[in-house]
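Hi,

Here is the structure I promised to pass on, with some notes below on what turned up in it. Have a look at it first, and then read on.

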Amino acid sequence: MNGRTIPRIMWLIINLFSISLVKRSEPSKTWTALTPLLAVILTMIAGGLLFMILGKDPFLALRVMFWDPIFGEMSFYFRPQLLVKAAPLILIALGLSICFRAGIWNIGAEGQYIIGAICGASVALAFYPYESVFIFPLMILAGGIGGWVWAMIPALLRTKFNTNEILVSLMLVYVAEQILNSLAIGLLRNPEGNGFPGSRNLQDYASASNHELWVGTGAHWGVVLALGFAVGFYILLNQHLLGFQTKLTGQSPRAAKFSGISPNFLIVICLGLSGMLAGLAGLFEVSGPSGQITIGFNVGYGFTAIIVAFLGRLNPLGIVLAGLLMALTYIGGELAQMQLGLPAAAIQAFQGMLLFFLLALDVLSNYRFKFRFWKAS
Amino acid sequence: MDVSSISPTLLIASLIVASTPIMLAAIGELVVERAGVLNLGVEGMMITGAICGFIVAYETGSPIYGVIASILGGAALSLIFAILTQFFLANQVASGLALTLFGLGFSALIGKGYTGITPPDMSSPNLGFLTEIPFLGKMLFEHDYLVYLAFSIILLVSIFLRYTRQGLILRAVGEDHSSAHALGYKVIRVRVLAILFGGGCAGLGGAYISLIRVPQWAEGMTHGAGWIALAIVVFASWKPMRILFGAWLFGGLTVLQLNLQAAGVSEINLILFKIPLQVQYLTMAPYLITILVLVLMSARALSNAPGSLGKSFHVSD
């Protein structure tokens, strides 16, 4: 038995069963709906294995992460957190979904989120300590415009110079982070903060604070708006011409061009809309749960929202569910960190894995598997 | 403020060090893109290579094993991408993003407990009399092995793509996968190999950061170098030798910015205006200039892009 025998036998076995892919004429609706569930289950299994390698009891880890936050004894504290964390994810992912549908890859939502927060907070800090009911609406306006402007940079560069929007939008995240750091220790620093970095806390400024609307639910204005936008987007995508145009452009740019849709117009609209929503998410975060502009204010919602958009199948209602699930992984991750000493990064790896499985399983909705025994070659 | 304290010899020597990681990652990605695949996971593969190399180098005490581990780590991560995009026909942009997100999380996960320690030193070759050449000696001939390896890889890739049959096949697969398939070339096999090569190079680039340039491990320590490498491929309009200039440009910017910071330059005089300069504005400069360069290049460069770039290949199409 020489060294090549085993590979040869393996090759024979592989060739015994021939699996081929046959393209479906139309994506399967059943599989499109089922794949996220399947992906979650597979991620749980793979995640459990990962925890086992890390030397933790996988069942305990999964229970702490996914069960205890909602049904455990501390759930009264964690349940409101679910909405608080889901709101920015849903807002950003809704905007991204319309971009991704049109084949426009805005991956710089994190930057748009930061700029939105900075613009909104700046308006509030400019008015401090004057109290008025108009301040909060003005902040919302500023936050939305801030995110919109930041997204317009890749949009205009793409339409004017054909510059790749993926790279530009991503580079702008690093730029936005540096602007944030500069402002946190410079212009926006709290003059009464003893020199510590970070702005005044907006939670202590009644006119500007995005407080909990109903006690114990965690729902602030961002949550209400996120759900409102989800419904709005559902109507937009299914009933409005823009929804049809984005879908057509994503599926066949050539066909879309022939039917008279201007690709540049669509790029400006989609990127603008997603930038605005990311900016709003930033504003609601800085005026509510986070409270202040400070170094490291952003925690990666803009990137996680990419996973949320895909997990929700670029569908508004799916995104709401996916946003809640992702929020759960954040909370569960924190809990697992406290109780089991799991590193915080575990959750990021977990989220990445989820996206892997989702993308791999997508083949089921676009292709049919054809099994044959003994391929005659 | 004292700009004159910055020595040009040292500046260029450190420029070469700073440009090596992006050079390695970019040349790998160039091969991948010439095969018609867009892998946006460079950042994820770099950081994975950085931590794999660091852990192995630290545990074994040998930087050579670390370097090998970083190549394997980057290639292993790129294998996931290859399986997703080539066998499961997943969208390449989304899969690349997934790779980056996963790589950042995974590296932070396994790198826990390795922060704040120094890896073993990488030895440098002794080039004898070459180092004694005034000016040039210190600038060019006192580097570690990986710097020269990076140059050789670029040269070899350039020769491979231009003069070898395999290089021609790879280019054919990237330009028009249907025709290449019709001619009997194994499109998927060529692409998987290209992706693995790209992953290995990115991993090596990451290890250069964690083992030589910094040398330490910190979460997310690549700071977008992988994305800059992607931009450099566009800058080079998919031509290997131009990667050198792209990498030097960005390496130079990074070094200049660090030197200005170290020299404590607090404002720039633009004849009439004095612009106050915060560290943050210096730090963002490489990213802004990347955007600027992309804008300048994109109108012309895109016509050089491989024809099948980013498209999935399936026999039925």
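Let me start with a pair of helices: α2(A) and α14(A) are oblique to each other, because their angle of about 140 degrees falls outside the ranges for roughly parallel, roughly perpendicular and roughly antiparallel, the last of which begins over 145. Please keep in mind that this is a predicted model. The two helices cover residues 29-53 and residues 345-366 of chain A, and their axes lie 8 Å apart. As for handedness, α2(A) passes α14(A) in a right-handed crossing.

If you would like to find this contact on screen, the α2(A) side includes Trp31(A), Pro36(A), Leu42(A) and Ala46(A), while the α14(A) side includes Phe350(A), Met353(A), Phe357(A) and Asp362(A). Sorted by character, the residues of this contact come to 14 nonpolar, 5 polar and 1 charged.

A second pair in chain A is also worth opening. Helix α5 (residues 109-127) packs against helix α6 (residues 135-161) at an angle of about 145 degrees, and their axes are 7 Å apart. Here, too, the crossing is right-handed. Several glycines take part: among them are Gly111(A), Gly116(A) and Gly120(A) in α5(A), and Gly143(A), Gly144(A), Gly146(A) and Gly147(A) in α6(A). Other participants include Tyr113(A) and Phe127(A) from α5(A), and Met139(A) and Trp150(A) from α6(A). This contact is made of 15 nonpolar and 8 polar residues, with no charged ones.

Now to chain A as a whole. Its secondary structure consists of 14 helices and 2 strands. The radius of gyration is 23 Å, close to the 21 Å that the globule rule gives for 377 residues, so chain A is as compact as a globular protein of that length. The C-alpha trace spans about 85 × 60 × 40 Å along its principal axes. Buried residues account for 50% of the 377 residues in chain A. Of the contacts in chain A between residues at least 6 apart in sequence, 79% join residues at least 24 apart.

Finally, how do the chains meet? In the model, 41 residues of chain B are in contact with 40 residues of chain A. On the chain B side, α3 (63-87), α4 (92-110), α10 (225-235) and α12 (279-301) each supply at least two of the residues that touch chain A. That side of chain B divides into 29 nonpolar, 11 polar and 1 charged residue.

Happy browsing, and best wishes!

Key. Residues numbered from 1 in each chain as written. Chains lettered and ligands numbered in written order. Predicted model: local features only at pLDDT ≥ 70, side-chain atom pairs only at ≥ 80, totals over all residues. Contact = placed C-beta atoms within 7 Å. Helix = DSSP H or I, 4+ residues; strand = E, 2+ residues; numbered from the N terminus. Nonpolar A, V, L, I, M, F, W, Y, C, P; charged D, E, K, R; others polar. Axes fitted to C-alpha atoms, helices over the stretch in contact; angles between N-to-C directions. Left-handed = near helix turned anticlockwise from the far one by under 90°. Parallel < 35°, antiparallel > 145°, perpendicular 65-115°, else oblique. Rg over C-alpha atoms; globule rule 2.2 N^0.38 Å. Buried ≥ 20, exposed ≤ 12 C-beta atoms within 10 Å, placed from the backbone.
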